[in-house]
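The exercises below are meant to be worked through with the sequence and the structure in view. Try each task before reading its solution.

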Amino acid sequence: MMDSQYDFGMIGLGVMGSNLLLNMADHGFATIGFDLDDDKCVLLEANARPGTIVKGVNSLSTMVQALKIPRKILLLVPAGKPVDDVIESLLPLIEEGDIVIDGGNSFYLDTMRRVSYLDSRGIHFMGMGISGGEQGARLGASMMPGGNQQAFEAVKPMLEAVAAKSDGVPCFAYMGYGAAGHFVKMVHNGIEYAMMQIICEAYDILKRGGGYTNDELQLLFSKWNEGQLQSFLIEITASVFKNKDAETNEYLVDLILDKAGSKGTGKWTSQEALNLPVAIPSIDAAVAARIISGYKKERQKAAEIYQTQVAKIIISKESLAEAVEEALTFSFIIAYAQGLSMIAKASIELNMNIHLPAVIQVWKAGCIIRSGLLVHFAKVYEANNTLANLLLSTDIAALLKQYENNTRLVLTAAIGAKIPVAGFMSTLAYFDSYCSERLPTNLLQAQRDYFGAHTYQRIDKDGIFHSEWQE
């Protein structure tokens, strides 16, 4: 039996789990990890820096017994049933007051169920979103924990130490009650979907519409990453354009099949937005675009039937690049606004008490959607942390007005050239709808009342009305 000498335990010693443990050990904490794979246990210890305390074991009971009380255990296993299975394996071994954290991409409703289930047994369960991949886990990740606040305070020193830092401030903060951590991570992933789709559409406009080469795109995206578009996704996109295939010496991006993969977190965001309800059309469009990409054979047949030809955009390369840069900035802001409005609504409707300035801070470094634009958002929420939507900020309005004209120019050019821009169009449609004092929904209400007696309200007097529309 091992003495209870370890500060933190990990279940699952894959790349993420082992790197997080090694990161903690580098910060002076004694760490122990469990995995059924002996090779992973050996590799964990082999990768530990001299002078650090790191142990890998293949017995769950051995790991649990070796932890200081209250035990602090992080799960990094696949979402769904594997999480429930691990919890059931842990229950006979842990005791009241111990803390179990799910750091995977679990659906927030599953997390809510687990919080209640373990709370009835005196165990603190937390859901924590983690962003940043293996590099973030080793050098500093963005972490979004939610759940019991007392448990959060107990694990805070260890997790805060291994978090990414933005201007010296950790990208780790308490997100809110219940499943707030996994809810915020779900929306983070939805925003990520939207931003990636918009970048891909910008690439399509510039390459097929504007005639940009990969070398030119690499230089352009690198330049953008030094300005208003500075972000992780723009940075890695620039890097993608310079990679060549070792076998063919062709640009690797040109050899990749145009058929996207997905783990479903974007779909969750769209589904839960409809349930709240809140409008996030840019995220919805990004989810739909990935689905349509999967119709590869159907798209090939349709292209033959309709003789689809992309036309060249008759704008100088320099003018097109400037307009696309502004359209990207405009659309990024709208994508963030939609996601943050969803978090704001859920905070109230689901009693999560999510603090939006904390969300912005957590996203500033280490995560996939980190961006220079978050500095603007932080100022907005510092002034008013109950703002329902970023678009209601006069500071954000000043930015959007600055980029609006070129956004419309880019969309007009893309539509004329037959380049699909569902992401860009959904952001502009959302903006135009949200900023319209009057929408044509009065006609929709008349239609609903006509065929289903659903009733309507009037602009000239209070009350609920129904009309007999047929003579």
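**Exercise 1.** Is Met195 buried or exposed? Decide this, and then describe the surroundings of Met195 in this predicted model.

*Solution.* Begin with the relative accessible area of Met195, which is 0%. Buried means under 20%, so Met195 counts as buried. Next, place the residue: Met195 is found in helix α8. Then look for contacts, leaving aside residues up to four places away in sequence; Met195 touches Leu233, Phe332, Tyr336 and Ile369. Finally, consider the backbone, where the C-alpha atoms of Met195 and Ala335 are separated by 7.0 Å although these residues are 140 residues apart along the chain.

**Exercise 2.** Work out how the rings of Tyr336 and Phe377 are arranged, starting from the whole set of aromatic pairs.

*Solution.* A search of the whole structure finds 14 aromatic pairs. One of them joins Phe107 and Tyr108, whose rings are 5.4 Å apart centre to centre with 80 degrees between the planes, an edge-to-face arrangement. Both Phe107 and Tyr108 are buried. For Tyr336 and Phe377, the ring centres are 5.2 Å apart and the planes stand at 70 degrees. Planes over 60 degrees apart count as edge-to-face, so the pair of Tyr336 and Phe377 is edge-to-face. Because Tyr336 lies in helix α15 and Phe377 in helix α17, this pair ties together parts that are 41 residues apart in sequence. As a last step, check accessibility: Tyr336 is buried, with a relative accessible area of 0%, and Phe377, at 0% relative accessibility, counts as buried too.

**Exercise 3.** Does the distance between the end C-alpha atoms of helix α18 agree or disagree with its expected span? Follow the helix from its start to the residue just after it.

*Solution.* Helix α18 covers residues 394-416, which is 23 residues. The expected span is 1.5 Å times one less than the number of residues, so α18 should span 33 Å, and its end C-alpha atoms, 33 Å apart, agree with this. At the N-terminal end, Ser393 caps the helix, with a side-chain oxygen 3.2 Å from the backbone nitrogen of Asp395. Further along, α18 bends by about 40 degrees at Glu404. Glu404 is also among the buried residues of α18, which include Ile396, Leu399, Leu400 and Tyr403. The buried residues of α18 pack against α8, α15, α17 and α19. Just after the helix, Lys418 takes a positive phi of about 65 degrees.

**Exercise 4.** Which residue forms a cis peptide bond with Pro70, and which forms one with Pro277? Locate both prolines, and then examine Asn353.

*Solution.* The cis peptide bond at Pro70 joins it to Ile69, with omega about -5 degrees, and Pro70 is found in the loop between α3 and β4. A cis peptide bond likewise joins Leu276 and Pro277, with omega about -10 degrees, and Pro277 is found in the loop between α12 and α13. Turning to Asn353, its phi is near 55 degrees, a positive value in a residue other than glycine. Asn353 has its place in the loop between α15 and α16. Exposed means over 50% relative accessible area, so Asn353, at 51%, counts as exposed.

Conventions. Residues numbered from 1 in each chain as written. Heavy atoms only, no water. Helix = DSSP H or I, 4+ residues; strand = E, 2+ residues; numbered from the N terminus. Bend = angle between axes of the 7 residues up to and from the residue. Buried < 20%, exposed > 50% of the residue type's maximum accessible area, 1.4 Å probe, protein only. Contact = heavy atoms within 4.5 Å. Polar contact = N/O pair within 3.5 Å; in protein donor to acceptor, adjacent residues only side chain to side chain. Phe/Tyr/Trp six-rings, centres within 6.5 Å; stacked < 30°, edge-to-face > 60°.
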